Amino acid sequence: MEYVIEMLNIRKEFPGIVANDNITLQLKKGEIHALLGENGAGKSTLMNVLFGLYQPEKGEIRVNGKKVNITNPNIANDLGIGMVHQHFMLVDTLTVTENIILGKEPTKLGHVNLKDASKEIKKISEQYGLSVDPNAKIADISVGMQQRVEILKTLYRGADILIFDEPTAVLTPQEILELIAIMKRLIAEGKSIILITHKLKEIMEVCDRVTVIRKGQGIGTVDVAETNENELASLMVGREVVFKTEKIESKPKQPVLTIENLTVKDARHVKAVNGLNLTVRAGEIIGIAGVDGNGQSELIEAITGLRKSESGTIKLNDKDITKFPPRKVTESGVGHIPQDRHKHGLVLDFPMSENIVLQTYYKKPYSKFGILDFKAITKKAKEIIAEYDVRTPSESTLARALSGGNQQKAIIGREIDRNPDLLIAAQPTRGLDVGAIEFIHKRLIEQRDQGKAVLLVSFELDEIMNVSDRIAVMYEGQIVAVVDPKETTEQGLGLLMAGSKKKETGEVNHV
Ligand SMILES: Nc1ncnc2c1ncn2[C@@H]1O[C@H](COP(=O)(O)OP(=O)(O)OP(=O)(O)O)[C@@H](O)[C@H]1O
Ligand SMILES: [Mg+2]
C-alpha cells in the first residue's frame, strides 16, 4: 500500500464557517508532506480531524488502506498517529517524564513506575537524537526542548505518523536546523510526517510533496522538486506575492526612545541586559538582530514595564519611564506586539471585541462613568477586524477559536490603532503566512512614515534586513554594532551576532 494516511473529501464546519470543504490529503510512507495555506485556511482543523479532536461532517479517513473512525485522540494514538500541536500542551510544574506518561502511566502492581518510564524515554530520546533530559522540569527548559518533549511523547506512544503543526514558528534559526535533522532521522527510522509551515524555504528544503489549501478548500498536491517558492506562494494566496518590501529612505527626527546604560537581570538573576545604550528616533525602524538569549526579551520587558531594571534609564520623549508599571508605559505612548501572544497578547477566553480594547476599555469612548459601552467596543472591534483582515466569524467569537495567525493580526491591529509614539514589535510575523507578512511589513513602514519610532526584534534575518532602516546587533546584553542594512549581508550580520567582532559604522546609535 502506497499511502499510510488518506483523508478523502473532508468537510468540517464550525458555527458560521466551513473550515474544511472537501479537502483531500494523502500521505505516502516515508515522506515529509507539507500542508500549506494562509492563516485560517483550515490546516490545524484538518490535522485536528486526523488526530480525532474534531469529527468531520463528511469524508473518509483511511490508515494503511483501511477505513477508520477516529473519534478521539486515544484512537488516533492506537492507530499510530501522533501530533505536536501549534501551542504546546505540557504541564509546566511536572517533569519531562511525568508529562510524557500523563494519561498512559505504566504501572507495576498498581503503582506508577516512573523509573522504568524514564529509562524508556531516555532510550527513545537517544535513538532519535533528541537529547532530552527525562528528569528536567518543563518550566526550566527552552521552548525548543519543550517541543522535543512533545515529539518524544508521540514516539513513546508508538506513533509512526507524526503531525507537526507549525513547529518552526517558535524556534530560533539554530533550533530549526536541529529540528530538520530530527525530522530526517525520524524518516530514516521509518516514520512519515505531515508538516505545517509558512516558511516556503523549509518546504523546499525538507519536504517531498506539498498539499495546498485556500480558504478551506483543497487546491492540490504538488511535488516539491517540480515547484518553487513563488509558485507555492501564489497557489496559497491566489495572487502574486512580493517578497521584497518597498520603502523610501527614512527621515529620522528627534529621539523617541533613549536608553542609557541599562542593566536588567533575567529570571535566574543573571545580568541579561548589561549596560545597554540605544536610541530610536521618530521616523525610523531600528531592527534588533541577535541570537536568542542575548537579552532581547529582557530588554523589551524592561521597556514595557514587565520587568524591573537594575540600573540605567529609559526615556520616552524625554520622560523618564524606567520605573513605570506596564499600564503607565502603555499610556505614555508605547505600543507592544508581544513575543508570546498567549501570555501577554490576548485573553483567550474573552471575545475578540474585548481583546481589542484590552488596554483601553476603562477609557472613553469604551467606558463612561465606569460602565462599559459595548456598542463602542463592538464598533472598534469591527473596524480593526476589517482593516487588518482578521478572519473570524464575528467580533464576539472567543480569541481561542481564531487561527494562530489571525490572533496575531488582531494584536497588531490593536497596538497600531492606539497610535503610539513608539511601537515595539517582537517577532511580529511569527506564524503568519507570506501574504500577511507582506501586509504587516507595510504597516510597520507606514508607521515609520507617519513619524513613529519603531523597534523591531526578530530572529528572521530576512525580516530584519528588509524592514529596518538601521540594524542594532545585540550580543551578551549590549548593542555591539549598528549597521546599515544596505551595506551589510546576512553573513556579515551573522558574524556580528556571534560576537566575532565589535563594529561601529556610520552614525553611532547613541546620542
Ligand atoms: N474551535 C473552533 N471554533 C470555531 N471556529 C474555529 C475553531 N477552530 C478553528 N476555527 C475557524 O476555522 C478556520 C480555520 O482555522 P485553522 O485554525 O484550521 O486555520 P490554520 O490554517 O491552522 O491557520 P494558521 O496558519 O493561522 O494557524 C478559522 O476561520 C478559524 O477561526
Ligand atoms: Mg493553525
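Buried means under 20% relative accessible area, exposed means over 50%, and partly exposed lies in between, using a 1.4 Å probe and protein chains only. K12, at 9% relative accessibility, therefore counts as buried.

This is a predicted model, in which local features need pLDDT of at least 70, side-chain atom pairs count only at pLDDT 80 or more, and totals for chains, interfaces and linings use all residues. Residues are numbered from 1 along each chain as its sequence is written, chains are lettered from A and ligands numbered from 1 in the order in which they are written, and side-chain values use heavy atoms, with hydrogens and water left out.

**Salt bridges**

A salt bridge here is a side-chain nitrogen of Lys or Arg within 4 Å of a carboxyl oxygen of Asp or Glu. The whole structure holds 33 of them. Three are listed below.

| Pair | N to O distance |
|---|---|
| E57 and K12 | 3.5 Å |
| R448 and D449 | 2.9 Å |
| D484 and K486 | 3.7 Å |

E57 and K12 meet in a salt bridge. This pair links distant parts of the chain, 45 residues apart: K12 sits in strand β1 (residues 3-14), and E57 in the loop between α1 (43-50) and β4 (58-63). Helices (H or I, at least four residues) and strands (E, at least two) are DSSP runs, numbered from the N terminus. E57 is partly exposed, at 42% relative accessibility.

R448 is buried at 2% relative accessibility. Its partner D449 is partly exposed at 45%. In the third pair, K486 is exposed, with a relative accessible area of 61%, and D484 is partly exposed at 23%. Elsewhere, salt bridges that share partners join E38, D389, R391 and K409 into one network.

**Aromatic pairs**

Rings of Phe, Tyr and Trp (its six-membered ring) pair if their centres lie within 6.5 Å; planes under 30 degrees apart count as stacked, over 60 as edge-to-face, and the rest as tilted. The structure has three such pairs. One of them joins F14 and Y54 edge-to-face, with 5.1 Å between centres and 80° between planes. F14 lies in strand β1 and Y54 in the loop between α1 and β4, so the pair ties together parts 40 residues apart in sequence. F14 is partly exposed at 27% relative accessibility, and Y54 is partly exposed at 29%.

Y361 and Y362 also form a pair, which is edge-to-face because the planes meet at 85°, with the ring centres 5.4 Å apart. Y361 is partly exposed at 35%. Y362 is partly exposed at 26%.

**A surface patch**

Y361 appears again in a nonpolar surface patch with L372 and F374, and together they have about 270 Å² of accessible area. Patches are made of residues with over 30% relative accessible area and no salt bridge; like charges are joined within 9 Å, and nonpolar side chains (Val, Leu, Ile, Met, Phe, Trp, Tyr) within 5 Å. Areas come from the Shrake-Rupley method with a 1.4 Å probe, and for residues only the protein chains shown count as cover. F374 belongs to helix α13 (residues 374-387). F374 is partly exposed at 46% relative accessibility.

**Two helices**

Helix α14 (residues 404-417) has 14 residues and spans 20 Å from its first C-alpha to its last, close to the 20 Å expected at 1.5 Å a residue. That expected span is 1.5 Å times one less than the number of residues. Of the 14 residues in α14, 13 are buried. Just after α14, N419 takes a positive phi of about 60°.

S234 is in helix α8 (residues 229-237). S234 counts as buried at 19% relative accessibility. Apart from neighbours within four places in sequence, S234 is in contact (heavy atoms within 4.5 Å) with R214, R239 and E240.
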